[in-house]
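Me: I would like to learn how to read pockets and salt bridges in a model of this kind. Could you take me through them one feature at a time?

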Amino acid sequence: PYTTLFRSVTKISDIKSKSKFSTHAENLRKMLFATADDIRVIIIKLADKLRNMRTLMFQPEIKQLRIAKETMDIYAPIAKRLGMSKISSELEDIAFHVLYPKEYLEIKNTLARKQSELDEYFQDIKSMLTESLAELDIECIITSRAKHYYSIYRKMTLQNKSFDEIYDIRAIRIITKDVKDCYGILGVT
């Protein structure tokens, strides 16, 4: 079984290199899925791509640009379609850093400057939600996460907005044990 997985991963790499000039990214993604008889092949390829992207800065600049573009066009969308959002987001952020370094640093620095303000805002919301949900006897865990840099950039460019006009740069997640509580939470929020 491991030999088959290895051959399949190698086959995907061969398809990629043979068709890089003649095939559109969407067709290549379809081929990757069609080629992989075992979904583990694609997962292994994505893990390998993520490992390579994490060390991309050690490559020559021209190679960095090519690999980042390929990652943004092919591998990040595959990860997203497979529900691997953490991997997809990390691939996109690394590729974004290489392809648009100025925009990447602007967003990163702006988020860093606003971090304490965002944390304070989240704590206020969390306190209000915790109090309201306790009144309804709903036990839950409330967490927050920042949107990824590329996600913010994409929203800014698609909607032609500045950073200050993007209001959902943080996501709040509320986890509860019972499905019925989800409806109660929706009523409070």
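Me: Which helix gives the largest share of the lining of the second largest pocket?

Reply: To read a lining, one assigns each of its residues to the helix or strand that carries it. In this predicted model, helix H5 (85-99) gives the largest share of the lining of the second largest pocket, with 5 residues, and helix H7 (149-158) also supplies at least two. Among the lining residues are Ser85, Lys86, Ser88, Ser89 and Glu92, together with Lys147, His148, Ser151, Arg154 and Arg173. The space in this pocket comes to about 300 Å³.

Me: How do the residues of that lining divide into nonpolar, polar and charged?

Reply: The general idea is to sort the lining by residue class before thinking about anything else. Here the second largest pocket has no nonpolar residues in its lining, the residues dividing into 5 polar and 7 charged. Lys80, Glu92, Arg145 and Arg154 are among those that line it.

Me: What does the lining of the largest pocket have by class?

Reply: The same sorting applies. For the largest pocket, which holds about 370 Å³ of space, the classes come out as 10 nonpolar, 1 polar and 4 charged residues. Of the 15 residues in this lining, Leu118, Tyr121, Ile166, Tyr167 and Ile169 lie nearest the centre of the pocket.

Me: Which elements each supply at least two residues of the lining of the largest pocket?

Reply: They are helix H6 (101-135) and strand E2 (170-176), and the largest share, 6 residues, comes from H6.

Me: Let us turn to salt bridges. How many does the structure hold?

Reply: The count is a starting point, and the individual pairs then deserve a closer reading. The structure holds 12 salt bridges. In one of them, Glu90 pairs with Arg54, and the closest N and O atoms are 2.7 Å apart. That pair links distant parts of the chain, with Glu90 in helix H5 and Arg54 in helix H3 (residues 39-54), 36 residues apart.

Me: Are Glu90 and Arg54 buried or exposed?

Reply: Relative accessibility is read against cut-offs, with buried meaning under 20% and exposed meaning over 50%. Glu90, at 27%, therefore counts as partly exposed, and Arg54, at 47%, falls in the partly exposed class too.

Me: Why are Lys69 and Asp73 separated by about one helical turn?

Reply: Here one looks at the spacing along a helix. Lys69 and Asp73 are separated by about one helical turn because they are 4 residues apart in helix H4 (residues 61-81). They form a salt bridge whose closest N and O atoms are 2.7 Å apart. Lys69 is partly exposed at 46% relative accessibility, and Asp73 is partly exposed with a relative accessible area of 27%.

Me: Where are the partners of the salt bridge between Lys155 and Asp168?

Reply: One again locates each partner along the chain. Lys155 and Asp168 form a salt bridge with the closest N and O atoms 2.6 Å apart. This pair links distant parts of the chain, Lys155 lying in helix H7 and Asp168 in the loop between H7 and E2, 13 residues apart. Lys155 is partly exposed at 22% relative accessibility, as is Asp168 at 30%.

Me: Which residues are joined into one network by salt bridges that share partners?

Reply: Reading a network means following shared partners from pair to pair. In this structure, such salt bridges join Lys80, Glu92 and Arg154 into one network, and these residues also appear in the lining of the second largest pocket.

Notes:
Residues are numbered from 1 along each chain as its sequence is written. This is a predicted model: local features need pLDDT of at least 70, side-chain atom pairs count only at pLDDT 80 or more; totals for chains, interfaces and linings use all residues. Side-chain values use heavy atoms; hydrogens and water are left out. On a 1 Å grid over the protein atoms alone, a cavity is a set of points where a 1.4 Å probe fits but cannot get out, and a pocket is an open set with protein on both sides within 12 Å along at least five of seven lines; lining residues have an atom within 4 Å of a point. Grid points are joined across faces, edges and corners, and a volume is the space filled by probe spheres set on the points. Ala, Val, Leu, Ile, Met, Phe, Trp, Tyr, Cys and Pro count as nonpolar, Asp, Glu, Lys and Arg as charged, and the others, Gly among them, as polar. A salt bridge is a side-chain nitrogen of Lys or Arg within 4 Å of a carboxyl oxygen of Asp or Glu. Buried means under 20% relative accessible area, exposed over 50%, partly exposed in between (1.4 Å probe, protein chains only).
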